[in-house]
Amino acid sequence: MIIAERPSRLRAFTKAFFRSPTATIALCVFVAMSLAAIFAPLIAPQNPYDLRSVSILDNLLPPGEASFGGMTYWLGTDGQGRDMLSAMLYGLRISLIVGLASGVIALAFGTLVGLVAAFRGGWVDSVLMRIVDLQLSLPTILVALILLVILGRGIDKIIVALVVVQWAYFARTVRGVALVENARDYVDAARGLRLPPLRILFFHILPNCLPTLLVVATIQMAQAISLEATLSFLGLGLPPTRPSLGLLIANGFDYLQSGRWWISVLPGLVLLVLVVSINVVGDRLREVLNPHLRG
Amino acid sequence: MAEFILRRILQALLVLFVMTVLVFFGIHVIGNPVDLFASSECTKACLDEIMVNLGLDRPVWQQYLIFLGNLAEGDLGRSFTHGVPAMSLIWERFPATLELAVAALVIALVIGLPLGFYAGLRPDSWISKAIMGLSMIGFSVPIFWIGLIMILTFSVKLGWLPAIGRGDLVTVFGVRVSFLTVDGLRHLAMPAFTLSLLMMSMVIRLTRAGLREVMTSDYIRFARANGVPEYRVLGWHAMKNLLIPIVTVLGMEFGGVIAFAVVTESIFSWPGVGKMLIDAISVLDRPLIVAYLIFVVTMFVLLNLVIDILYSLLDPRVRLGAGAV
Amino acid sequence: MAPVLSVRGLTTVFGTGETALRALDGVDLTVHQGEIVALVGESGSGKSLTGFSINGLLPGNAKVTGGSIRLGDTDLRALTPRQMRGIRGKQVGMIFQDPMMTLNPVLRVETQMRDALRAHSPLPRGEVRARLVQALAEVGIAAPEQRLRAWPHELSGGMRQRVAIATALLHSPQLVIADEPTTALDVTIQGQILALAQRLCRDRGTALVWITHDLAVVAGIADRVSVMYAGRVVEEGPVDAVLDTPAHPYTRGLIDSVAASQPKGARLPMIPGRMPLLSDLPQGCAFAPRCARRSALCISERPEPRATGAGQTVRCHHPLTEPAGAAA
């Protein structure tokens, strides 16, 4: 019965999702960008991390200019002579990795905390939820700033910082849904059958949290990517050797005053399109999965 | 009521205490500030002397207790790099940040309310859809990039507005402000607008959603059935109902705006506490970093406390017994 | 004498195009000066919608598409929105169902009443206040000065409804539309509000349309009654005639389901089935699926209004009383 029902529910959901042309386009854009990021080493004209292929003589070329070597830089070059297109593809890759990794870890940790809080109740619940409240009451950028000042630079460090600022959203969401589900008849029935609590938790309650989690995860991922870019721009996130989109924009800032706009503007546009498309997808998911879900 | 307020105050104090511990010990694991002060030919003896001068020769827990004791007297230590009390630096620069944040708030309301109003009244027109799309972008795009685009457009290409600094100041009631001079306004425009974008998007969405709900209410129909002119129905009867949630949310977000000013201030070299923080981080000026964090967190906690109490006083429907919803 | 309100063939639809739903279908309603007409029906019969169609306050997705609405000599459908605003509150007053929702929760009573007063008469400030105090006193509110300064949530439901009535009557309109103004109130308060509205309208010669689902209220207040079903007026006539000798089977059913009309201890008869959805209206008489007297004719053809001997007008192929002029 349940097995027979799944595919049709999924199909109905997919159909409902694609009824919005904006969301469909946004999803396509996101998929295309993800593919470009995954296959960056294959499609990028240049490996921007490979110093041998980068020539400082080619620095600050505007878009469309050709190098001495005869290679055309369709999107120009940056201060070190890196091809902007390649740098952006690699930057996109890093932005996505950071966003995805921090999102997944925060989701896993937050879900665990939320489930424990909902299932245990009592003082465990109140202590955990106090911590969540505290976490949510502080501005994310401030918390991330403190952490990065303490931790220093690096991909792992910024992922840790982003997890810390995100997990509480997941924990609160999961706890809310789990509490509602916990009171439902089917959970009572499962208890009546003397199923082990962990089994009930993971096979009965968790699946019902998934739609809500998906929505929160999408929107959090957009937030994380945007926050990472901001922190990198402030010089607090990633090391300059592995520039994400935010760092590319920051690097271009120095050249902005002299009219070399492409170094900052182009990665910014990519970032904008990426974050907006994720947000549009998230908004649509929210509408389709649960019209009354509060952000 | 008194119990509720007391409990909220205790809660706020607890948060502050936890924050001092986290910030103090967290900051202590980074870098060695002695290196900042020691010249290259400094001997062991001279290094030790610097350590003693900065109070770094004691165990960390002792340093923390001293720090707490000083904190109780409002003293957050001396800036390593400026050599003056950290709090005096903060007080000196905070007005600039506050001015920026207030200006951003005003811009968010002045632009966001009418746009949200329009989108709420005509939800199906293409202009409304464009407004909502823009607010989605305002939510998504990192504000620092908007700042860059504005510098590129209005300073570099058009040359209309200065890209950095605060401009001419005048002193009003002992506070130096820039919004009363033309030059100051020109400097304020871009940073304030950039900082306002997130709030503006929020105002647009809250206004639109609120208006759509309010417009179907009986009291709006009643006002119309009595022949009250439309501008009065919308501009006062509906508006007043909208403002309550908007003011509440903005009040709670204001601390976040101060925190986000870090970004705006470093783009536009606005001489506020945010710029100061970034500079302090780059030279590892520990006392200044700690002072800033304690200051902002305190402000944030106080703001939340005041809003909670005000809200429970204003709206009798708020259940006092219930904790966070 | 010309009626205060004359509605002919009023048709109101929700939505547009293919999916449009006819919520009102050829509604006729006539109200003379000083007359109280009750508009009776179940929820969803279109009685409230008739009220909102008249004063032009339909929700955004609804629109009047046919018929005429005349207030005295004025064709209300021909007016611009601006002119219509000049009519509302001045010539047509309205009282709403739930007094808890009618007053704006964040505005003082005085602000709301003052806005209604100044909408049509630009009085100087000092006079406004005196006028409002007088209006509140007329509806039986004690200490009107203090009540003016009150917030709505500080007043009881009955008190709020009095404020709403005072506001609606500020300009002594020719016509007042009252949309179930007693439904949300306690039974004891209901009687007071009913008597108050009746007295005020009689004193001023105001025509009153009283929308209700409660036949007991109709008997107590109205001169004439119009019974609505699925967006149509199925029976209309003097209140005594309609209640004593109902011509439409639906009216009969409504009367029978009121407790007072039945002997003690008897089970209340109910009309079987439920009102059809607007999206699913039958081709013929909308009541036919629930009617014991239906014939093939009822299912295929819509009944047109016709007069009965007792002065009623009924839309039924098989009325319970003999139509006027028909061979006995």
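UniProt positions are given in the numbering used here, with shortened feature names, and annotations may be inferred rather than shown by experiment. The unreviewed UniProt entry lists "domain: ABC transporter" at residues 5-255 of chain C.

This is a predicted model: local features need pLDDT of at least 70, side-chain atom pairs count only at pLDDT 80 or more, and totals for chains, interfaces and linings use all residues. Residues are numbered from 1 along each chain as its sequence is written, while chains are lettered from A and ligands numbered from 1 in the order in which they are written.

**Exercise 1. Describe the overall build of chain C.**

Step 1. Take the secondary structure. Chain C has twelve helices and twelve strands. Helices (H or I, at least four residues) and strands (E, at least two) are DSSP runs, numbered from the N terminus.

Step 2. Judge compactness. The radius of gyration of chain C is 21 Å, close to the 20 Å that the globule rule gives for 328 residues, so chain C is as compact as a globular protein of that length. The radius is taken over C-alpha atoms, and the rule is 2.2 Å times the number of residues to the power 0.38.

Step 3. Add the dimensions. The C-alpha trace of chain C spans about 70 × 50 × 40 Å along its principal axes.

Step 4. Look at the annotated span. Residues 5-255 of chain C are 40% helix and 26% strand, with end C-alpha atoms 27 Å apart.

**Exercise 2. Trace the eight-stranded sheet of chain C and place β7(C) in it.**

Step 1. Write the order. The open sheet runs β6-β7-β8-β3-β9-β10-β12-β11 in chain C, with mixed pairing. Two strands pair if DSSP finds at least two bridges between them.

Step 2. Find the edges. β6 (92-95) and β11 (306-307) of chain C each have a single partner strand, so one side of each lacks a neighbour in the sheet.

Step 3. Follow the pairings. β6(C) and β7(C) run parallel, joined by four bridges. Here Ile95(C) has Ala178(C) as its bridge partner. β7(C) and β8(C) are parallel too, with five bridges. Ala178(C) partners Trp210(C) in β8(C). Five bridges also join β3 (36-40) to β8 (207-212) of chain C, in parallel. There, Val40(C) stands opposite Thr212(C).

Step 4. Check burial. A residue is buried if 20 or more other C-beta atoms lie within 10 Å of its own, exposed if 12 or fewer, and partly exposed in between, with C-beta atoms placed from the backbone. Five of the five residues of β7 (175-179) of chain C are buried, so this strand is largely enclosed by the rest of the structure. Leu175(C), Ile177(C) and Asp179(C) lie on one side, and Val176(C) and Ala178(C) on the other.

**Exercise 3. Analyse the contact between chains C and B.**

Step 1. Count the residues. Chain C gives 23 and chain B gives 17. Two residues are in contact if their C-beta atoms, placed from the backbone, lie within 7 Å.

Step 2. Assign the elements. On the chain C side, α2 (81-87), α3 (99-102), α4 (109-118) and α7 (157-168) each supply at least two residues. The largest share, three residues, comes from α7(C).

Step 3. Sort by character. The chain C side has eleven nonpolar, seven polar and five charged residues. Ala, Val, Leu, Ile, Met, Phe, Trp, Tyr, Cys and Pro count as nonpolar, Asp, Glu, Lys and Arg as charged, and the others, Gly among them, as polar.
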